[in-house]
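Biologist: I am new to this structure and would like a close look at a single part of it. Please take one helix and follow its residues to whatever they meet elsewhere in the chain.

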Amino acid sequence: MTFLAGILTVLLVANCLALIFLVLIQLPKKDAGAGVAFGGGAADALFGAGSGNVLTKITKWAAGIFFALALLLGYTEERLHRSNATEFEKAVEQKQTQMPITPPPTTPLPTTAPAANLPSVVPASSTPVTANTNPPAAVPQPK
């Protein structure tokens, strides 16, 4: 399965390069675009004067092949990783049956005293505290 994924990856990269080349070699419309900069006139010399239709068809086929290869490679990689995951899970289960995992020793948590047994805090004097309504006397300032 890994070999198939490698072959599909190589084919996808080759298809990408061919697709880039096909897009760049096409004749631009209204004498504009990247085709002029990268020798768009070479398509006429190589494929003939009506090469626009041929290159367009080849580009469409290359794009379709690109999508098919991408989907097939994605499916292949997903199956490859799923099979690796099941092999890993089998190895983990085998190790656990050979050497079972023991839980760590539990220590009892310290218990806290209920609120009823706590001493209550009572002010030192039993007289209610009131706010002083008289302002403090003026303190003489040293000269």
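Modeller: What follows is a walk along helix α1, with its partners in helix α4 brought in where they belong.

The model is predicted. Some background on the whole protein comes before the helix. The secondary structure comes to four helices and zero strands, and read from the N terminus the order of elements is α-α-α-α. The protein has 143 residues, and 13% of them are buried. The protein exposes about 12,300 Å², of which carbon and sulfur atoms supply 69%. Taking contacts between residues at least 6 apart in sequence, 71% join residues at least 24 apart.

Now the helix itself. Helix α1 covers residues 2-25. Its 24 residues should span 34 Å at 1.5 Å a residue, and the C-alpha atoms at its ends are 35 Å apart, so the expected and modelled values agree. The buried residues of α1 are Ala 5, Leu 8, Leu 12, Asn 15, Leu 19, Leu 22 and Ile 25.

Phe 3 belongs to α1 and is exposed, because its relative accessible area is 67% and exposed means over 50%. Phe 3 also takes part in a nonpolar patch on the surface, together with Ile 7 and Leu 11. The accessible area of these three residues together is about 320 Å².

Leu 8 gives the opposite case. Leu 8 is also placed in α1, but its relative accessibility is 6%, so Leu 8 counts as buried; the cut-off for buried is under 20%. Leaving out residues up to four places away in sequence, Leu 8 touches Leu 69, Leu 72, Leu 73 and Thr 76. Leu 8 and Leu 72 are 64 residues apart in sequence, yet their C-alpha atoms are 8.0 Å apart in space.

One of those partners, Thr 76, sits in helix α4, which covers residues 51-98. Thr 76 has a relative accessible area of 4% and is therefore buried. With residues up to four places away in sequence set aside, Thr 76 touches Met 1, Leu 4, Ala 5 and Leu 8. The side chain of Thr 76 also reaches the backbone oxygen of Leu 72, at 2.7 Å. Leu 72 thus appears twice in this account: as a contact of Leu 8, and as the residue whose backbone oxygen the side chain of Thr 76 reaches.

Further along α1 comes Cys 16. Its relative accessibility is 27%, so Cys 16 counts as partly exposed. Its C-alpha atom is separated by 7.1 Å from that of Phe 66, and the two residues are 50 apart along the chain.

The last stop is Thr 59, a residue of helix α4. Thr 59 counts as buried because its relative accessibility is 14%. Not counting neighbours within four places in sequence, Thr 59 is in contact with Leu 19, Leu 22, Val 23 and Gln 26. Among these, Leu 19 and Leu 22 are also listed with the buried residues of α1. With Gln 26 there is a polar contact from side chain to side chain, at 2.5 Å.

In short, Thr 76 of α4 touches residues that include Ala 5 and Leu 8, while Thr 59 of α4 is in contact with residues that include Leu 19 and Leu 22. Phe 3, Ile 7 and Leu 11 instead form the nonpolar patch on the surface.

Methods. Residues are numbered from 1 along each chain as its sequence is written. This is a predicted model: local features need pLDDT of at least 70, side-chain atom pairs count only at pLDDT 80 or more; totals for chains, interfaces and linings use all residues. Side-chain values use heavy atoms; hydrogens and water are left out. Helices (H or I, at least four residues) and strands (E, at least two) are DSSP runs, numbered from the N terminus. Buried means under 20% relative accessible area, exposed over 50%, partly exposed in between (1.4 Å probe, protein chains only). A polar contact is a pair of N or O atoms within 3.5 Å; within protein, one must be able to donate a hydrogen and the other to accept it, and residues adjacent in sequence count only if both atoms are side-chain atoms. Contact means heavy atoms within 4.5 Å. Patches are made of residues with over 30% relative accessible area and no salt bridge: like charges are joined within 9 Å, nonpolar side chains (Val, Leu, Ile, Met, Phe, Trp, Tyr) within 5 Å. Accessible areas come from the Shrake-Rupley method with a 1.4 Å probe; for residues, only the protein chains shown count as cover. A salt bridge is a side-chain nitrogen of Lys or Arg within 4 Å of a carboxyl oxygen of Asp or Glu. The expected span of a helix is 1.5 Å times one less than its number of residues.
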